[in-house]
Every structure is written in structure tokens, then in C-alpha cells.
Amino acid sequence: MERKEIEEKVKAFLIDDLEIEEDKVFPESRLNEDMGIDSLDYVDIVAVVLSTFGVRVNIEKMKGVVTLSQFIDYLEAELKQK
């Protein structure tokens with residue numbers, strides 16, 4: 001899956017399902033501070049990542065992920081390993 005497709009799917013989920021305002025969703029956005037993603041949202045994200053991408057989120061690898069771009073990087077790397 002190409003990065004652009006990953007970005008589009010993640011952006012759609014954030015806007016449609018988590019109801020994050022579209023003007024807050026850009027690569028440099030910080031997941032917590034800028035988009036307001038909280039621990040309950042992360043549970044939803046884990047479920048969507050598994051169902052959409054077939055990837056189980058590794059909490060240890062996610063510790064350094066702060067921005068949307070870093071999250072996309074993480075997904076892209078995980079998908080390449082599949």
C-alpha cells in the first residue's frame with residue numbers, strides 16, 4: 001500500500017470517526033496536543049488499524065510517535081514487514 005493511500009485512510013478515520021476538525025489534521029499535527037486524541041481514542045485507533053490495515057499496533061514502537069506524520073511512518077514500516 002502506498003503512503004498516499006495510508007494517509008487518506010487515516011485522515012478519513014480521524015475526521016469521520018473521531019470527529020477531529022479537518023483543519024487540525026495535517027502531517028505536523030501532534031496527536032494529543034493538536035488533535036486532542038485521548039486514551040479512549042487510541043483504543044479506537046488500534047481497532048481501526050487492525051481492521052483497515054491488518055496491523056497490530058505495537059505499543060513499544062508507538063512510544064516515540066507524536067505527530068500524524070510519525071504515525072503514518074509507523075504504519076508504512078509495519079505494512080512493509082507484512
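This is a short walk through the structure, one selection at a time. Keep in mind as you click around that you are looking at a predicted model.

**Stop 1: the start of the chain**

Select Met1, which sits in the segment before H1. Met1 is partly exposed, as its relative accessible area is 47%. Now show what surrounds it. Setting aside neighbours within four places in sequence, Met1 is in contact with Ile6, Lys9, Phe53 and Leu79. Add Lys80 to the selection and draw a distance between the C-alpha atoms: Met1 and Lys80 are 8.4 Å apart in space, with their positions 79 residues apart in sequence.

**Stop 2: Arg3 and its partners**

Next, pick Arg3 and turn on its side chain. Which residues does Arg3 pair with? One is Asp73: the two side chains meet in a salt bridge, 2.7 Å from N to O. This pair links distant parts of the chain, with Asp73 in helix H4 and Arg3 in helix H1, 70 residues apart. Another is Glu76, whose salt bridge with Arg3 has its closest N and O atoms 2.9 Å apart. Arg3 belongs to helix H1 and Glu76 to helix H4, so this pair ties together parts that are 73 residues apart in sequence.

In case you wonder about the chemistry, side chains of opposite charge can pair when their charged atoms come close.

Switch on a surface to see how much of these residues shows. Arg3 is partly exposed, with a relative accessible area of 22%. Asp73 is partly exposed too, at 37%.

**Stop 3: along helix H1**

Stay in helix H1 and select Lys9 together with Glu5. These two form a salt bridge as well, with the closest N and O atoms 3.5 Å apart. Both lie in helix H1, four residues apart, which is about one turn of the helix. Lys9 counts as partly exposed at 33% relative accessibility, and Glu5 is partly exposed with a relative accessible area of 35%. Now bring back Arg3, and add Glu7, Asp73 and Glu76: salt bridges that share partners join these four into one network. Should you want to hunt for others, the structure holds eight salt bridges.

**Stop 4: a negative patch**

Colour the surface by charge and find Asp16, Asp17, Glu19 and Asp44. Together they form a negative surface patch. Zoom in on Asp17, which lies in the loop between helix H1 (3-16) and helix H2 (39-53). Is Asp17 buried or exposed? Asp17 is exposed, because its relative accessible area of 51% is over the 50% cut-off.

Then move to Glu19, which has its place in the loop between H1 and H2. Glu19 counts as exposed at 66% relative accessibility. Look at the backbone here: Glu19 has a positive phi of about 55°, although it is not a glycine. As a point of reference, most residues other than glycine have a negative phi.

**Stop 5: Ser29, out of sight**

Keep following the loop between H1 and H2 until you reach Ser29. How much of Ser29 is accessible? Its relative accessible area is 0%, so Ser29 is buried. Hide the surface and show the contacts. Not counting residues up to four places away in sequence, Ser29 touches Lys24, Asp34, Met35, Val66, Thr67 and Leu68.

**Stop 6: Thr67**

One of those contacts is the last stop, so to speak: select Thr67. You will find Thr67 in the loop between helix H3 (59-62) and helix H4 (68-81). Thr67 counts as buried, because its relative accessibility of 17% falls under the 20% cut-off. What does Thr67 touch? Leaving out residues up to four places away in sequence, the list is Pro27, Glu28, Ser29, Arg30 and Leu31. To finish, draw one more C-alpha distance, from Thr67 to Asp34: the two are 9.0 Å apart in space and 33 residues apart in sequence.

Definitions and conventions
Residues numbered from 1 in each chain as written. Predicted model: local features only at pLDDT ≥ 70, side-chain atom pairs only at ≥ 80, totals over all residues. Heavy atoms only, no water. Patch = residues over 30% accessible without salt bridge, like charges linked within 9 Å, V, L, I, M, F, W, Y side chains within 5 Å. Areas by Shrake-Rupley, 256 points an atom, 1.4 Å probe, with all protein chains shown as cover. Lys, Arg positive; Asp, Glu negative; His and termini not counted. Charge placed at Lys NZ, Arg CZ, Asp CG, Glu CD. Helix = DSSP H or I, 4+ residues; strand = E, 2+ residues; numbered from the N terminus. Buried < 20%, exposed > 50% of the residue type's maximum accessible area, 1.4 Å probe, protein only. Contact = heavy atoms within 4.5 Å.
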